[in-house]
Amino acid sequence: MQPTIDKQATAIVRVLLWTFLCLPLLAQSADLAREQRIDEQISSMILDGEVMHLKDGSHPFLAIYTKTERKPIRGAALILHGRGANPDWIDVVHPLRTGLSEYGWNTLAIQLPVASEGASDSEWVATIPESLHRVEATLAYLKQQGMQNIVIVSHSFATHTIANYLAGKPDKSVRAWVAVGMPPDDRYAETDTVTLLRKIRIPVLDLYGEQDLVNTRFTAEARWAAARAAGNKGYEQREIPGADHFFTDLDGLLVSTVRAWLSKVASGNGTASGPR
């Protein structure tokens with residue numbers, strides 16, 4: 001009997017050891033080396049805004065904080081890039097982070113986790129939990145700076161992260177969400193934004209282009225119906241004529257549309273005691 005017990009014990013130890021060794025690989029879905037290269041490539045090239053690094057409890061991540069010179073300060077806008085991009089991406093992100101700062105908003109654009117080059121859709125979906133940690137850490141930082149009127153503007157794949165965040169227990173300081181080019185994907189619960197919209201109550205601007213991605217355009221009616229089912233009277237949907245997924249050559253129109261909507265749904269003094 002003893003040899004059998006020893007064999008079983010040895011098998012259990014091997015399984016536990018294998019699990020222990022593989023846990024870091026299973027938990028780490030993002031490509032940190034690739035993210036570091038992005039950081040190094042763009043940090044020295046930022047002309048508008050302050051380059052900083054925030055921490056979410058595990059890894060520091062790049063952020064660009066642009067303070068408005070307008071008074072009074074309306075609040076803070078957290079700006080999130082799409083899949084594989086960065087916090088100063090030329091399309092959508094840079095125009096919004098610099099443009100909104102000219103109209104009374106402090107903007108903070110952050111680097112979201114990136115999957116390895118050539119990663120599958122499921123590998124990208126696996127980065128969403130880490131993105132949520134970064135969003136929560138960034139919101140905490142903005143509140144430390146005295147920001148009490150916070151809005152979120154996300155583009156493309158980042159809309160999945162924010163849909164998950166707002167469908168849960170969002171911070172009460174988050175007053176509105178602008179979702180630019182939202183691409184629902186019902187293959188995964190984390191990217192099924194049509195379903196997630198049924199749980200979101202804060203004002204939402206669902207903004208997309210006439211020439212946007214196919215699934216963004218074709219699910220527009222379903223997204224509208226989901227928001228109505230949630231009783232979200234602050235949900236608004238707009239299709240911009242001639243715009244593609246990146247609002248190419250329409251930076252000014254993008255900024256003015258977002259600015260005007262935010263002024264309507266999230267106006268007022270955005271600080272508790274002024275920025276620190």
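The following exercises, each with a worked solution, concern a predicted model.

**Exercise 1. The sheet**

Find the order of the strands in the open sheet, and state which strands stand at the edges.

Solution.
- Step 1: The open sheet holds eight strands in the order E1-E2-E4-E3-E5-E6-E7-E8, and its pairing is mixed.
- Step 2: E1 and E8 are the edge strands; each has a single partner, so one side of each has no neighbour in the sheet.
- Step 3: On average, neighbouring strands of this sheet are turned by 20° against each other, direction ignored.

**Exercise 2. One strand pair and the helices on the sheet**

Describe how strand E5 pairs with strand E6, and say which strands helix H6 touches.

Solution.
- Step 1: E5 covers residues 150-155 and E6 covers residues 174-180; the two pair in the parallel sense over six bridges.
- Step 2: Within this pair, Val 153 is opposite Val 178 in E6.
- Step 3: Helix H6 (residues 158-167) packs on the sheet and touches E3 (75-80), E5 and E6. The direction of H6 makes about 150° with that of E6.
- Step 4: Helix H9 (residues 220-229) lies across E7 (204-211) and E8, and runs at about 165° to E8.

**Exercise 3. The two sides of helix H2**

Determine which residues of H2 are buried, and where they lie around the axis of the helix.

Solution.
- Step 1: H2 has twelve residues and spans 16 Å from its first C-alpha to its last, close to the 16 Å expected at 1.5 Å a residue.
- Step 2: Its buried residues are Arg 34, Glu 35, Ile 38, Asp 39 and Ile 42.
- Step 3: Viewed down the axis of H2, these buried residues fall within an arc of 145°, so they line one face of the helix.
- Step 4: The cover over the buried residues of H2 includes E1, strand E2 (60-66), helix H4 (121-125) and H5.
- Step 5: On the face of H2 turned away from the buried side are the exposed residues Glu 40 and Gln 41.

**Exercise 4. Salt bridges**

State how many salt bridges the count comes to, then compare the surroundings of Arg 134 with Glu 35 and of Glu 236 with Lys 264.

Solution.
- Step 1: In general, side chains of opposite charge can pair when their charged atoms come close.
- Step 2: The count comes to ten salt bridges.
- Step 3: One of them joins Arg 134 to Glu 35, with the closest N and O atoms 2.9 Å apart. Arg 134 lies in helix H5 (residues 128-144) and Glu 35 in H2, so the pair ties together parts that are 99 residues apart in sequence.
- Step 4: Arg 134 is buried at 1% relative accessibility, and Glu 35 is buried at 7%.
- Step 5: Glu 236 and Lys 264 form a salt bridge whose closest N and O atoms are 3.0 Å apart. Glu 236 belongs to strand E8 (residues 235-244) and Lys 264 to helix H10 (residues 251-265), so this pair ties together parts 28 residues apart in sequence.
- Step 6: Glu 236 is partly exposed at 24%, while Lys 264 is exposed at 52%.
- Step 7: A network of salt bridges links Arg 83, Asp 121, Asp 185 and Arg 187.

**Exercise 5. The surroundings of Ile 46**

Is Ile 46 buried or exposed, and which residues is Ile 46 in contact with beyond its neighbours within four places in sequence?

Solution.
- Step 1: Ile 46 sits in the loop between H2 (32-43) and strand E1 (50-55).
- Step 2: The relative accessible area of Ile 46 is 12%; because this is under 20%, the residue counts as buried.
- Step 3: Beyond those sequence neighbours, Ile 46 contacts Val 51, Ile 64, Asp 88 and Arg 97.
- Step 4: Asp 88 is 42 residues from Ile 46 in sequence, with a C-alpha to C-alpha distance of 7.8 Å.
- Step 5: Asp 88 and Arg 97 are themselves joined by a salt bridge (2.9 Å, N to O), and Arg 97 is buried at 0% relative accessibility.

**Exercise 6. Backbone details in loops**

Locate the cis peptide bond, and state the phi values of Ser 156 and Asp 249.

Solution.
- Step 1: Most residues other than glycine have a negative phi, and most peptide bonds are trans.
- Step 2: Lys 71 and Pro 72 are joined by a cis peptide bond, with omega about 0°. Pro 72 is in the loop between E2 and E3.
- Step 3: Ser 156 has a positive phi, near 55°. Ser 156 lies in the loop between E5 and H6 and is buried, at 12%.
- Step 4: Asp 249 has a positive phi of about 65°. Asp 249 is in the loop between E8 and H10 and is exposed, at 75%.

How values were computed. Residues are numbered from 1 along each chain as its sequence is written. This is a predicted model: local features need pLDDT of at least 70, side-chain atom pairs count only at pLDDT 80 or more; totals for chains, interfaces and linings use all residues. Side-chain values use heavy atoms; hydrogens and water are left out. Helices (H or I, at least four residues) and strands (E, at least two) are DSSP runs, numbered from the N terminus. Buried means under 20% relative accessible area, exposed over 50%, partly exposed in between (1.4 Å probe, protein chains only). Contact means heavy atoms within 4.5 Å. A salt bridge is a side-chain nitrogen of Lys or Arg within 4 Å of a carboxyl oxygen of Asp or Glu. Two strands pair if DSSP finds at least two bridges between them. Axes are lines fitted to C-alpha atoms, for helices over the stretch in contact, and angles run from 0 to 180 degrees between N-to-C directions. The expected span of a helix is 1.5 Å times one less than its number of residues. The arc is that of the directions from the helix axis to the C-beta atoms.
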